[in-house]
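Trainee: I should be grateful for a close look at one part of this structure, with the neighbouring context described as you go.

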Amino acid sequence: MLLTLFAFILALGLLVTFHELGHYWVARRAGVPIVRFSVGFGPVLLRRHDRHGTEWALSAIPLGGYVKMLDEAPPDADEATRRAVFNAQPLIRRVAIVAAGPAANLVLAALIYAFLGMWGTMEPAAVLAAPPAGTPAAQAGVREGDMLTAVAGEPVASWPQARWQLIEPLSLGGDVALTLTSDGGAVRTDTLRLTPQAVLPDGPDPLLAAGLALRAPYPVVGELVQGGAAEQAGLRPGDRILAAGDLDQPAVDTFVRTVQAHAGQALSLIVLRQGDRISLSVTPRAEAGEGGHPVGRIGALIRAELPETLVRLGPLDSLWQGVRRTADTSLFTLRMMGRMFVGDVSWKNVTGPVTIAEYAGRTARIGLESYLGFLALISISIGVLNLLPIPMLDGGHLLFYLIEALRGGRPLSERARDLGQRLGLGLVLSLMVLALFNDFSRLFS
């Protein structure tokens, strides 16, 4: 719980502060006086003033931050100050200052993705399980052991990349070309024919419905019991079980059940050890199980492991992929929002702080790479959301500036802006209520 809370506060504080730094950076270069830059909200705990007169503050509530610019000149201000205030800036500068916040979030996401690309991440290889009969994958000819290497002509290096490339085709439906490499190394292209599927955060996995899933983890020998049957048979930690009796490439649970069923009976094994195939025979020791029935034990911890691949790119490729992934995610988010408004996608996809906190905690427990990926995704969401043309958001201000430009430089009346702000506030509050309702519905369902 504490880790979840800390991960959530760190994510929100960092991303909102970076958003405000975007506003600050452009406003400072435009010469607009900055009154205060606060990390956090509420009572000020620490403050200092820089040579420009800006107050830098650390406030008590660490859920983001804000930048306060001088919008209007005080009555006793000199002429230079009157020309420098935000509302006296030319339209193009005001647009740049307002747009800089969402742009900063998108830039941060691209940099995080670029860093992850250069750092390299171990990800599950896209080796597929046998698709259930009748599913689109089975009808397309997908077979167990096929490695997915491209979706609609776009190369994929891992299962997470494949999932991302498939989400939109699954929601829209249509034909998708899958480039597959069989166990024997033969490359072919199968056509996946999809019907549109609902994509819900708490709904069934659309990839499973299409018959696409990772092949089951394979059994690997872990820690051995000294003097146990596994040690006596010559098994070593790290051995991968390729075959057990008549079973070829057994899943972990299948291998365990086979061992249990061979109490006191020799069981032939083929294991992979440092690239070599080795044949062994192990005789599980009979131990009393439930109801007094004998159960075979070999005295070894059996781990479940998936084939993984290191996804690592050079600096330029990483930067390009970071920009491209940020752009693709932003466009996908906008398309999903549009489909919500027309009823093609459920409003249950709108999530709030409870769900965000939950995923912050989950990714933080998995590791730094997962948490950074989560930060990039939320940073994109903040950037895209703030660009929506809703008064109260940055996009609403940009909408007002667009109207001002179309009116030949004449801004909307104060009454019209005030009405827009009220409507925008009502819409934002409605979205917040919906997000919280969805959050708590998931918690208690």
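Mentor: The account below takes up an open sheet and then turns to two loop residues. Please bear in mind throughout that the model is predicted.

The sheet in question is open and has four strands, arranged in the order 5-4-6-7 with antiparallel pairing. Its edges are formed by strand 5, residues 154-155, and strand 7, residues 187-194, each of which pairs on one side only. Within the sheet, strand 4, covering residues 147-151, runs antiparallel to strand 6, covering residues 174-181, and four bridges join the two. One particular contact can be followed by residue: alanine 150 has threonine 179 in strand 6 as its bridge partner.

Let us now consider the backbone at two glutamines. Glutamine 249 is not a glycine, yet its phi is positive, at about 50°. This residue sits in the loop that connects strand 10 (247-248) with helix 8 (252-261). With a relative accessibility of 37%, glutamine 249 is classed as partly exposed, because that class lies between the limits of 20% and 50%.

Glutamine 274 likewise is a residue other than glycine with a positive phi, here near 50°. Its setting is the loop between strand 11 (267-273) and strand 12 (276-282). The relative accessible area of glutamine 274 is 81%, so this residue counts as exposed, the cut-off for that class being over 50%.

Notes. Residues are numbered from 1 along each chain as its sequence is written. This is a predicted model: local features need pLDDT of at least 70, side-chain atom pairs count only at pLDDT 80 or more; totals for chains, interfaces and linings use all residues. Side-chain values use heavy atoms; hydrogens and water are left out. Buried means under 20% relative accessible area, exposed over 50%, partly exposed in between (1.4 Å probe, protein chains only). Two strands pair if DSSP finds at least two bridges between them.
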